[in-house]
Amino acid sequence: MYLLDCYIEHPVRSIDQTFTYYSEEPAVPGIRVMVSFNHRSVLGFVEQAAETDETPEEAGKRLGCEIKPVDQILDQEPLITEELAELARQMKQDTLSTMISCYQVMLPSKVKPKTTSQHIIEEKWIRLCDGEVSLTPKELEAYCFLRDNGPMKYAELRQKYPNQARALVTKGAAETYSMEKEAASVKTGIVTAGPELNAEQQAAVSEIESGSDTVYLLHGQTGSGKTEVYLRLASHALEQGKQVLILVPEIALTPQMISRVSERFGEELAIYHSGLNPQEKYEQYRMVKSGRAAVVVGTRSAVFLPFQSLGLIVMDEEHDPSYKQDSQPAYHCRDAAIFRAEYHHCKLVLGSATPSLETFARALKNVYHLVTLKTRVNNTLPEVTIVPLRDAMKQGQSYIITDVLAQKLEETLRQGKQAILLLNRRGYHTMLRCRSCKEPLKCRHCDITLSYHHATKTMVCHSCGASFPIPRECPSCHSREGFATYGFGTEKLEQEVKDRFPSARVLRMDADTTSVKNGHERILNAFGKHEADILVGTQMIAKGLDYPDVTLVGILNGDEGLSRTDYRSCEVTFDLLMQAAGRSGRADTKGEVVLQVFDPDHYAVVAAARQDYELFFRMEMNYRHAAMQPPYTYLISLTVSSRQEEACEAAAHAMLQGLQGPFRTIGVIPLPRRRDSFRSRLILKGQNLDAMREAVRSLFETMPDLRKKDIRIDVNPMTLE
Ligand code: ADP
Ligand code: ZN
Ligand code: ZN
């Protein structure tokens, strides 16, 4: 018999140990099994399998526990390959999470442990069988068609030979069988040559290809031709019969990357992002596993696809926060990408106009190999005009669209060009306050002020998504004087643009307009085809978009993000401004950018206006150094959530007491309530990350009760909000 050590879906999520079961059938590590645990049938992953001559009783005696049989073996072949198992072990160490949670995050939900009840869709196929039968001439025709083109989907044959297909089966000339449904092909078969690379791009390609390092940072202005460099590197990897993974931060960016990739290569392309339904994801997963897909374009979780032989990984916009997973395990896609590049002996190219401070600091220290593209392909940077909002408002101008912006919009429309207006806030008004007591309306479930959305005429919580009608009276003072409105979001901006430029065609892209399937794609396609003149949107529209007719970008309330308390708020704001500005003037016409801000002298604004990353990097590094913030230190954040305020604080204080080591602990910090949960946070800050991790690990060992609590562990958090 075989003894199998399995990680199971334990009801207590943070239990991280294997349990032993036996099986008479052989089984290998990495497959899934059904086992019983506390009288429940749960899913497990085989971690280790050992053959033994013992009986289950003997083995149980030796191990000091009863050993039960495995109920069912679910896979023939391991889902978790040796490579992925090794990666899971590293992720577990790095992110201080459980093994099972690492396995869960690696697999598409159709094969994820907790959702095996979902059915995998099968299709009916038909193939010839041996043996002699007599056929009518028409049946013979169908037979020959199947012989020459089969095996094929039964439905396909039925379509061509509606009456004969079934006869072939009943007469025994052919048989039907089931196959898992496969993804429709996105192979274009067409290969178009890209533009000839300029000298700088050519040098970048050679430097990366001839280098002996694994990780490269390709740093270049927006529009400096980084994507063309990726595509050239990719084509060389494909020529060697290898697979290529291209990671993009958001699904909004996948359509654009997909069309560039699929136009360039005739190869099979897989697409993997959170907008796919479970069946679609599963089909893409299988395309990669079978080796059918040569190129994959995907978001964060695509880094775990079962590649057989990777020749290149590209991580575009490597600084983007969506590469970090919010839920547990709070892994960073970059770490997984580095692991996989090392495993496959291939190169990882991180690309960005605004690399994260950590990455650029590493590149300067030669931990990553720095390759720079200095000039934009069209050799012009957009011209940036800073509009101080306070001055404009003093002069009685609109605080939404100032005179300067209005003038330039008009000019753009007159020339038949396109404009993008970025406002990183959705909804109509950002706040409603009681006219009597001045209290803002807040979410009932979160300590968050509600935004007013005009389309639904409701107040919406941007934290939990709940929506409420506007109350008749103030919940605080019961006054019926009504509410005053403050601030504006994309919905109101769209309205304002339409009012002031009635002949302009306006599209809006934000979480509200893209919640439908392919919402992003539809809006971007329409804008790309110049079916609209002005695109209004949140940060979704700031990144990656490449539309030659866009010659004006307006950034509204551009420095709003600076007022946040997060240690990365300047970096995030700078990135957003740089990225947004980079959408302007990418083709032959020079681009313009209007930056409406409250603090025109802030270094993040000044550096963004000059499109000068290194200036920002130097300034920001000084501030980070003074405050001993990352990358000069490491952080681990521990966040307890509970419905009970006291329980939450008590757990946080207990952790604070229990944490010891060469680091500082900051806390207990109360956070705004979210979804009816109180939250308290502790932060570990220090220079020895391993010691910090070890302290957290031993905290959970010495205080096992903590495991039953809802505690989010985030090593190297990207945000502390
Ligand atoms: P990035 O990824 O750095 O933002 P892209 O690769 O998207 O830059 O290039 C910006 C624009 O310039 C794109 O429209 C692209 O097609 C074009 N482009 C890039 N490289 C060249 C080249 N060598 N010759 C002509 N056009 C190019
Ligand atoms: Zn009131
Ligand atoms: Zn809420």
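Which residue forms a salt bridge with Glu47? That's Arg89, as the second close-up shows. Everything in these views comes from a predicted model.

**View 1. Domain layout of the chain.** The chain splits into domain 1 (2-106), domain 2 (122-180), domain 3 (199-373), domain 4 (383-428 + 488-626) and domain 5 (634-715). Note that domain 4 is written as two segments, 383-428 and 488-626. If you want a distance for orientation, the C-alpha centres of domain 4 and domain 5 sit 38 Å apart.

**View 2. Two salt bridges that involve helix α2.** Glu47 pairs up with Arg89, and the closest N and O atoms are 3.5 Å apart. Glu47 belongs to strand β4 (residues 40-51) while Arg89 sits in helix α2, so this pair ties together parts 42 residues apart in sequence. Glu47 is buried, at a relative accessible area of 18%, whereas Arg89 is partly exposed at 39%. The other pair here is Lys92 with Asp16, whose side chains meet at 2.4 Å, N to O. This one links distant parts of the chain: Lys92 is in helix α2 (residues 82-95), and Asp16 is 76 residues away in the loop between β1 (2-8) and β2 (18-23). Lys92 counts as partly exposed, with 21% relative accessibility. Asp16 is partly exposed as well, at 23%.

**View 3. A buried salt bridge between Arg508 and Glu494.** Zoom in here and you'll find Arg508 and Glu494 with their closest N and O atoms 2.7 Å apart. Arg508 is part of strand β24 (residues 506-509) and Glu494 part of helix α15 (residues 490-500), so the contact ties together parts 14 residues apart in sequence. Arg508 is buried, with a relative accessible area of 13%. Glu494 is buried too, and its relative accessible area is 13%. For context, a search of the whole structure turns up 36 salt bridges.

**View 4. The zinc ion (ligand 2) and its cysteine donors.** Four SG atoms hold the zinc ion, from Cys434, Cys437, Cys474 and Cys477, lying 2.3 Å from it. The angles among the four donor atoms run from 107 to 112°, and the site is tetrahedral. Read along the chain, the donors follow the spacing C-x2-C-x36-C-x2-C. Cys434 lies in strand β19 (residues 431-434) and Cys477 in the loop between β22 (467-468) and β23 (483-486), so this pair ties together parts that are 43 residues apart in sequence. How buried or exposed are these two? Cys434 is buried, at 2% relative accessibility, while Cys477 is partly exposed at 33%.

**View 5. Ligand 1 and the residues around it.** There are 17 residues around ligand 1, and Glu196, Gln201, Thr227, Arg260 and Asp546 come nearest. Arg260 offers a side-chain N or O atom 2.8 Å from an oxygen atom of the ligand. The backbone joins in as well: a backbone N or O atom of Ser224 is 3.3 Å from an oxygen atom of ligand 1, and a polar backbone atom of Asn198 is 3.5 Å from a nitrogen atom of ligand 1.

**View 6. A salt-bridge network that includes Arg260.** Pick up Arg260 again from the previous view, and you'll see a network of salt bridges linking Glu228, Arg260, Arg264 and Asp546. Two of its members, Arg260 and Asp546, are also among the residues that come nearest to ligand 1.

Terms used: Residues numbered from 1 in each chain as written. Chains lettered and ligands numbered in written order. Predicted model: local features only at pLDDT ≥ 70, side-chain atom pairs only at ≥ 80, totals over all residues. Heavy atoms only, no water. Donors = N, O, S within 2.8 Å, 3.2 Å for Na, K, Ca; no water. Tetrahedral: all angles 85-135°; square planar, octahedral: opposite > 155°, others 65-115°. Helix = DSSP H or I, 4+ residues; strand = E, 2+ residues; numbered from the N terminus. Buried < 20%, exposed > 50% of the residue type's maximum accessible area, 1.4 Å probe, protein only. Domains from an automatic or database assignment. Salt bridge = Lys/Arg side-chain N within 4 Å of Asp/Glu carboxyl O. Near = heavy atom within 4 Å. Polar contact = N/O pair within 3.5 Å; in protein donor to acceptor, adjacent residues only side chain to side chain.
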